[in-house]
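Visitor: I should like to learn how the features of a structural model are read. Please take me through them in order.

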Number of protein chains: 2
Amino acid sequence: MNPSNPIAVLDSGLGGLTVVSALRAVLPDEDLVYFGDTAHLPYGNKSPAVVCRFVRRIVEFLEPMKPKHLVIACNTATALAMPEIVAEFPHLSISGVIDPGARAAVAAAGTRRLPSIGVIATEATVRSRAYEHAILRRRNFARVLLRPTPLLVPLIEEGRTGADPLVESALRQYLQSLILRKIDVLVLGCTHYPLLKNAIAKVTGPRVQLIDSAEQCAQDVARRLDRKGLLRSPARSLNDTTLTGEPAASGSLRTYVTDDPDRFAQLAARFLGMEIERPIFVDPMNAPEITEDPVIWTDALRPTG
Amino acid sequence: MNPSNPIAVLDSGLGGLTVVSALRAVLPDEDLVYFGDTAHLPYGNKSPAVVCRFVRRIVEFLEPMKPKHLVIACNTATALAMPEIVAEFPHLSISGVIDPGARAAVAAAGTRRLPSIGVIATEATVRSRAYEHAILRRRNFARVLLRPTPLLVPLIEEGRTGADPLVESALRQYLQSLILRKIDVLVLGCTHYPLLKNAIAKVTGPRVQLIDSAEQCAQDVARRLDRKGLLRSPARSLNDTTLTGEPAASGSLRTYVTDDPDRFAQLAARFLGMEIERPIFVDPMNAPEITEDPVIWTDALRPTG
């Protein structure tokens, strides 16, 4: 494996772009390949068997690009398919979004005797109990409160922001029971949710620490690649980025989608804060094949506005 | 073709069950085969090319069952795939939900000089302009106001009813511009929406006539089969049904789904007002095949409660 190989990121659609955004802040010089399975989205209300199939197909497609690391940038896909995919592709380095989020939640809970950790996520992620297991693997005593919040993804994908009254009501309704139970930490257990982070913070108040699973995932990827000596240049910390503004990125971003590339490009700008090159369409039904050179590409990124 | 052959009904998931419900009220003695493409739902935010592929696969699966009629019981699938599917399967009798809804809307608009007809539907249905075309084919002068209402399906699928404050706010927000423009008629252009019919009527007020595309579709199917002499027994009118209560149904209902059958059965009860037999799982990725006798089955229907 070579540091110049790309990092592959897969998701059911758009949500994983918050992971791309965090990866570009931490590792601006890395080439990224993103796969958004827009023909099959959302994964959040589907079964483990079906989600596994979808993810397997995507990994088979990405494998020939020889990614130095593959990120399952979707909480539902991580929760339902990660163990199978890791077992089926033992030669690939793979990580997800749940373990880094759970680790950060446990760290944030600190030395409290019985911390209450809330998790908001899709129905499938909640039902999988993946967060519960990941948290309790790291701490014997913690109260984990899981809340499915199925409307948040459609609200975000309709283009609504935290200022929208429907978003506010939905957040207040969903978070009420967690706030009443005095959670100390709240994990945003879906890669769409960082787009509503400020609105969520407004509802939970300053006492509750928010864990952004997309940011945690990006930092985890940086640590993994660093340990293996596979980084092109040293990782930046997310705090540095906040202080110095968007770093100049030299890495490329190539996106593949299974439905309308133009629509994806249009919505992606909201998740990334910049325009992307037109995504490449991959037929969702037939076994996908790549005909181009899998490593060399030159897609440039244009910042918006 | 024989009157004892089944009527096939297809949908992206659950919404088409409102058509099944209306078909069972109008044609209680007919055997129904329902296909819910739950692995790929929703269709409402996907492209024509992808929706066509999904629908083609389903029709290929249903064809060997020799349906005497096939209903595309999904507004998005009708809008995006109907012409292609009719052309590709010329030997099948096929109808959708849009033409019957448009016809009823035009009839409801009556002799007004320039009636205003509102349509609420998924984003894909609205973008297709299928309702606009279907209405303007029947009347030269009509103002058609289309409003995408993407949150209604996830709200309904989360189990929320018209009494839910979020549903009320969403409806008020979505319908406001149509009400301000003084629509005379409102088409519920998605087969999920009949579940919120009363809540919608509360917002629009008694002056606006609501058109339920699921009911209109069922009556259209009855007329088509009647004309061909393919009905098992004479159709009942929906008004009779309302007066006399649920008719005793002698027809069977067999359902096929591409994701978790148990979850489907559980949610289906809300759409149908009765329990269904466990649906049969169909692999969403491989070309589907049926091994059982395609015509004879004995699934009984158990009314709920």
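**The axis and the interface**

Guide: Of the residues of chain A, A:His40 comes closest to the rotation axis, with its C-alpha at 2.6 Å. This is a predicted model, in which local features need pLDDT of at least 70 and side-chain atom pairs count only at pLDDT 80 or more, while totals for chains, interfaces and linings use all residues. Residues are numbered from 1 along each chain as its sequence is written, and chains are lettered from A and ligands numbered from 1 in the order in which they are written.

Visitor: By what turn and what shift can chain A be laid on chain B?

Guide: Two copies of a chain are related by a rotation about an axis and a shift along it. Here a turn of 180 degrees and a shift of 0.0 Å along the axis lay chain A on chain B with an RMSD of 0.0 Å; copies are superposed by least squares on the C-alpha atoms of residues with pLDDT of at least 70 in both. The two copies are thus related as by a two-fold rotation axis. The same surface serves both, since 100% of the contact residues of chain A recur in chain B.

Visitor: How many residues does each chain give to the contact?

Guide: Two residues are in contact if their C-beta atoms, placed from the backbone, lie within 7 Å. The contact takes 20 residues from chain A and 20 residues from chain B. On the side of chain A that touches chain B, the elements giving two or more residues are H2, helix H7 (152-157) and H8. Helices (H or I, at least four residues) and strands (E, at least two) are DSSP runs, numbered from the N terminus. H8(A) provides the largest share of that side, five residues.

**The sheet**

Visitor: What is the strand order of the open sheet in chain A?

Guide: Two strands pair if DSSP finds at least two bridges between them. The open sheet of chain A has six strands in the order S4-S3-S1-S2-S9-S11, with parallel pairing. Strand S4 (94-95) and strand S11 (280-281) of chain A stand at the edges, each with a single partner strand, so one side of each is left without a neighbour in the sheet. S2(A) and strand S9 (residues 253-257) of chain A pair in the parallel sense over five bridges, and A:Val33 stands opposite A:Arg254 in S9(A).

**Backbone exceptions and a helix**

Visitor: Which peptide bond ending at A:Pro42 is to be noted, and is it cis or trans?

Guide: Most residues other than glycine have a negative phi, and most peptide bonds are trans. The bond from A:Leu41 to A:Pro42 is cis, with omega near -10 degrees. A:Pro42 lies in the loop between strand S2 (32-36) and helix H2 (48-62) of chain A. In chain B, a cis peptide bond likewise joins B:Leu41 and B:Pro42, with omega about -10 degrees.

Visitor: Where does A:Lys182 lie, and is A:Lys182 buried or exposed?

Guide: A residue is buried if 20 or more other C-beta atoms, placed from the backbone, lie within 10 Å of its own, exposed if 12 or fewer, and partly exposed in between. A:Lys182 lies in the loop between helix H8 (165-180) and strand S7 (185-188) of chain A. Its phi is positive, about 50 degrees, although A:Lys182 is not a glycine. A:Lys182 counts as exposed because it has 12 C-beta neighbours inside 10 Å.

Visitor: How many residues of H10(B) are buried?

Guide: Eleven of the 15 residues of H10(B) are buried, among the helix's 213-227 stretch.

Definitions and conventions
Expected span 1.5 Å × (residues − 1).
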